[in-house]
Amino acid sequence: MLIEDIKVSYREIPLHTPFKTALRTATEIESITVTIHLANGVIGKGEAAPTWVITGDSAQSIQAALEGPIKTALFHQDIRHFQTLLTAIQNSCVGNTSAKAAADMALYDAYSKWLAIPLYQLLGDHQPIYTSMTVGVDDPAKMADDAKKWVEAGYSRLKIKVGAKPELDITRITAIREAIPADVLLRLDANQGWQPKQAVQLIQKMEKIGAGIEFIEQPVKAKDLDGLKFVTDHVQTPIMADESVFSPQDAFTIVSGHYADLLNIKLMKCGGIQNALSIANLAMVHRMPCMIGSMMESSFSVGAAAHFASAHPNVIYYDLDAPLWLIEEAEVIDYQGEKLYLSSSAGIGAVNESEK
Ligand SMILES: [Mg+2]
């Protein structure tokens with residue numbers, strides 16, 4: 001079954017509320033869509049969102065990679081060589097993980113549609129999943145208000161962004177803790193905003209006051225693996241690598257040297273589902289659980305991540321609230337409070353008529 005055509009398009013999606021982290025404030029996202037057209041009319045779809053400050057990919061570079069080397073690798077190939085084609089996407093160019101993720105999910109979508117099964121079934125399981133809700137970094141009172149609002153809306157796990165003006169972080173966590181019930185789990189994400197010794201001091205203080213922190217993401221700079229290990233070794237709270245782990249090779253380094261306790265997998269960082277599977281399997285061998293996360297992305301690419309997470313036994317934490325920040329309605333995920341439901345139709349979900 002030949003791949004007859006590959007099309008790429010661009011759109012902007014506004015956010016209803018600005019999304020603030022230690023690295024950036026987003027008010028809208030850009031999304032690049034790729035569709036893979038099979039000779040029998042089946043269409044596979046993938047999407048990617050650029051993040052200059054994380055992946056280094058721009059909308060233009062994603063489009064250029066998809067229309068250039070990735071298209072060359074897939075054009076007029078037979079989808080029955082699915083695994084070979086997934087590898088060809090990864091080998092088509094250096095870097096460009098977001099473009100590769102879009103092509104990889106489009107190929108997974110096309111292949112599972114061709115087999116007429118949902119993607120989670122191709123990947124082998126369908127466990128229930130939920131999402132945490134993010135509280136953006138801000139002044140302590142505003143963050144406490146936001147946390148309270150989300151708990152009242154039914155979220156039992158909050159992801160708290162910290163690390164911008166770190167001197168405020170203890171006050172932020174104390175204010176949030178006072179505003180919400182004790183059984184609500186807090187996950188912190190410093191987005192590289194702390195120095196290693198400062199991170200240890202802050203985390204030990206949170207442990208002392210019983211702040212109820214489930215785990216902490218990326219306390220220090222992405223490339224500072226020694227600093228990451230220093231933090232991991234000096235606190236009780238589990239430390240999760242996010243910006244430090246892009247590829248399966250990065251995961252191997254972190255897992256084998258125990259630089260962190262947990263890994264955050266995002267399709268835009270690792271280049272798609274094939275590499276996400278490698279990372280989750282590699283971590284499983286070492287009994288290191290993983291979280292599935294996303295950038296600020298469209299619901300379609302988050303949907304692909306949700307299929308993967310729902311199917312993999314070593315992905316046990318889920319951070320998939322990005323589509324809930326967008327003005328447009330979620331396309332392939334049905335959000336019921338913190339619970340996510342995936343479409344049982346073939347592939348990742350239905351493709352709109354206008355995209356055919
Ligand atoms: Mg993170």
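**Close-up 1. Three acidic side chains hold the magnesium ion.** In this predicted model, the magnesium ion is coordinated by D189 (OD), E217 (OE) and D242 (OD), at 2.1 to 2.3 Å. Read along the chain, these donors follow the spacing D-x27-E-x24-D. E217 belongs to strand β8 (residues 213–217), while D242 sits in the loop between β9 (239–241) and α9 (248–256), so this pair ties together parts that are 25 residues apart in sequence. How accessible are they? E217 has 0% relative accessibility, so it counts as buried. D242 comes out at 1%, so it counts as buried too.

**Close-up 2. K161 reaches over to D189.** Here's D189 again, one of the residues that coordinate the magnesium ion. D189 also forms a salt bridge with K161, and their closest N and O atoms are 2.8 Å apart. This pair links distant parts of the chain: K161 is in strand β6 (residues 157–161) and D189 is in strand β7 (residues 185–189), 28 residues apart. Is K161 buried or exposed? At 6% relative accessibility, K161 is buried, and D189, at 0%, is buried as well.

**Close-up 3. K45 and E331 bridge a long stretch of sequence.** The side chains of K45 and E331 meet in a salt bridge, 2.9 Å from N to O. K45 lies in strand β3 (residues 43–48), and E331 lies in the loop between β12 (315–318) and β13 (333–336), so the pair ties together parts that are 286 residues apart in sequence. Check out the two ends of this bridge: K45 is buried, with a relative accessible area of 0%, whereas E331 is partly exposed at 29%.

**Close-up 4. D109 and K113 pair up within one helix.** What joins D109 to K113? A salt bridge does, with the closest N and O atoms 2.8 Å apart. Both residues lie in helix α3 (residues 97–114), and they are four residues apart, about one turn of the helix. D109 has a relative accessible area of 0%, so it is buried. K113 has 16% relative accessibility; buried means under 20%, so K113 makes the cut as well.

**Close-up 5. Salt bridges, zoomed out.** How many salt bridges does a search of the whole structure find? It finds 19. Among them is the one between K161 and D189, which links β6 with β7. Some salt bridges share partners, and in that way R11, K45, E47, E328 and E331 are joined into one network.

Terms used:
Residues numbered from 1 in each chain as written. Predicted model: local features only at pLDDT ≥ 70, side-chain atom pairs only at ≥ 80, totals over all residues. Heavy atoms only, no water. Donors = N, O, S within 2.8 Å, 3.2 Å for Na, K, Ca; no water. Helix = DSSP H or I, 4+ residues; strand = E, 2+ residues; numbered from the N terminus. Buried < 20%, exposed > 50% of the residue type's maximum accessible area, 1.4 Å probe, protein only. Salt bridge = Lys/Arg side-chain N within 4 Å of Asp/Glu carboxyl O.
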